Amino acid sequence: MSNRPGYDHQPYEEWVDPTPPPAKVADVPNVGATSAILASTAFALGAHCKEYNEDFMLCKAEDENPAHCLKEGARVTRCSIDLLTKLRERCHKQLTAHWNCLELNNHELYSCRPEEQPLNECIFKNFGYKKQVPGAPKTGTPVHEQTKRYFGNSRNTF
Amino acid sequence: MPGPTQDVGVAGKYPSFRYQRYITSRGPSGTALFLGLFGIMGFGMYHHMKSRKEWREIQRERIWTRLHLIPMLQAEQDRDTYRREEALRAREAEIMKDVPDWEVGRTAYHTKRYVRPTVPLYLPEEHKK
């Protein structure tokens, strides 16, 4: 990615600012998980870090300045890392199976239901978080628990 | 030689004869066609609408997957933006230290609201280690 379209006059290397982070944020680690893992754990993350996330988003609504919400942001990051570490300890096999499936299926959750269900069970058993999509209809089976489905791999499709 | 005889029917009546109409089948009746049409269309529409409902829920799930991640991603991005802005401010202070009454990091906009930088910063060669 040395040259992005439209930025040929400015190579990627010149975008990098090598300045080390200021003392205020120096000791805050980044999550460093790939997108498939994040997609796989998103609902657990939303449940695990609900308070920190809401706090951070309220702070952002108050003031958009990046310097305004550094403390809240650090809490959000630490909470996310905490959950991912615990998931790696307790649900490593299921998580690996699911995110590898997501990698092969364009990150579409509906293509990976057989892998998702053991992961959801493991998360519920270990953490007590039940996957719930806000705004979904109250009646009927949730889309991630359906056994007969129209979308997804052909062996599970209607 | 007898005279001419009139050609008349047989005495009594003609004998009955067996006959059959050979007409090809005209297919199912109009009612059957009508009902069949609506039956097939109903079947298709039932599954179509059901799959649409499922697709809607899949999209809802996909959106919420992203929404749950937003605070985490935004926090990381904010820390990097903060680091870059601090570096920019330090660089500006270093360059402009000889100019009296120079306000470092003063915004070009007449507002107290934070304005996200729209122009990416080009880092001059001498500031790269």
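**Exercise 1. Classify A:Lys24 as buried or exposed, and place it in chain A.**

Solution. Step 1: in this predicted model, the relative accessible area of A:Lys24 is 56%. Step 2: the cut-off for exposed is over 50%. Step 3: A:Lys24 is therefore exposed. Step 4: for its place, look along the chain; A:Lys24 sits in the segment before α1, and that helix covers residues 35-48 of chain A. Step 5: for a distance, take A:Leu119, which is 95 residues from A:Lys24 along the chain; the two C-alpha atoms are separated by 37 Å.

**Exercise 2. State which secondary-structure elements chain A has, and in what order they run.**

Solution. Step 1: count the elements; chain A has five helices and zero strands. Step 2: read them from the N terminus, which gives α-α-α-α-α. Step 3: add the burial figure for the chain: 39% of the 158 residues of chain A count as buried.

**Exercise 3. Find where A:Leu70 lies and decide whether it is buried or exposed.**

Solution. Step 1: A:Leu70 belongs to helix α3 of chain A, which spans residues 70-90. Step 2: its relative accessibility is 7%. Step 3: the cut-off for buried is under 20%, so A:Leu70 counts as buried. Step 4: compare sequence and space for A:Leu70 and A:Gly135; they are 65 residues apart in sequence, and their C-alpha atoms are 31 Å apart.

**Exercise 4. Examine the phi angles of A:Asn106 and A:His107, then give the exposure of each residue.**

Solution. Step 1: recall the background; most residues other than glycine have a negative phi. Step 2: A:Asn106 has a positive phi, near 60 degrees. Step 3: A:His107 also has a positive phi near 60 degrees. Step 4: locate them. A:Asn106 lies in the loop between α4 (92-104) and α5 (113-127) of chain A, and A:His107 is likewise in the loop between α4 and α5. Step 5: assign exposure. A:Asn106 has 63% relative accessibility and so counts as exposed. A:His107 has a relative accessible area of 29% and is therefore partly exposed.

**Exercise 5. Compare chain B with a compact globule of 129 residues.**

Solution. Step 1: such a globule would have a radius of gyration near 14 Å. Step 2: the value for chain B is 47 Å. Step 3: check the extents; along its principal axes the C-alpha trace of chain B spans about 160 × 35 × 35 Å. Step 4: turn to burial and surface. Buried residues are 17% of the 129 in chain B. The chain exposes about 11,300 Å², with carbon and sulfur atoms supplying 60% of that area. Step 5: for the charges, chain B has 23 positive and 16 negative, and their mean positions are 18 Å apart.

**Exercise 6. Describe the annotated segment of chain B.**

Solution. Step 1: an unreviewed UniProt entry places the feature "transmembrane region" at residues 27-46 of chain B. Step 2: in the model, this span is 85% helix and 0% strand. Step 3: its end C-alpha atoms lie 28 Å apart. Step 4: set this against the whole chain; chain B has one helix and zero strands.

**Exercise 7. State what confidence scores accompany the model.**

Solution. Step 1: for the model, ipTM is 0.88 and pTM is 0.80. Step 2: for chain B, the mean pLDDT is 89. Step 3: 91% of the residues of chain B reach a pLDDT of 70 or more.

How values were computed:
Residues numbered from 1 in each chain as written. Chains lettered and ligands numbered in written order. Predicted model: local features only at pLDDT ≥ 70, side-chain atom pairs only at ≥ 80, totals over all residues. Heavy atoms only, no water. UniProt positions renumbered as here; feature names shortened; annotations may be inferred. Helix = DSSP H or I, 4+ residues; strand = E, 2+ residues; numbered from the N terminus. Rg over C-alpha atoms; globule rule 2.2 N^0.38 Å. Buried < 20%, exposed > 50% of the residue type's maximum accessible area, 1.4 Å probe, protein only. Areas by Shrake-Rupley, 256 points an atom, 1.4 Å probe, with all protein chains shown as cover. Lys, Arg positive; Asp, Glu negative; His and termini not counted. Charge placed at Lys NZ, Arg CZ, Asp CG, Glu CD. pLDDT = per-residue confidence, 0-100.
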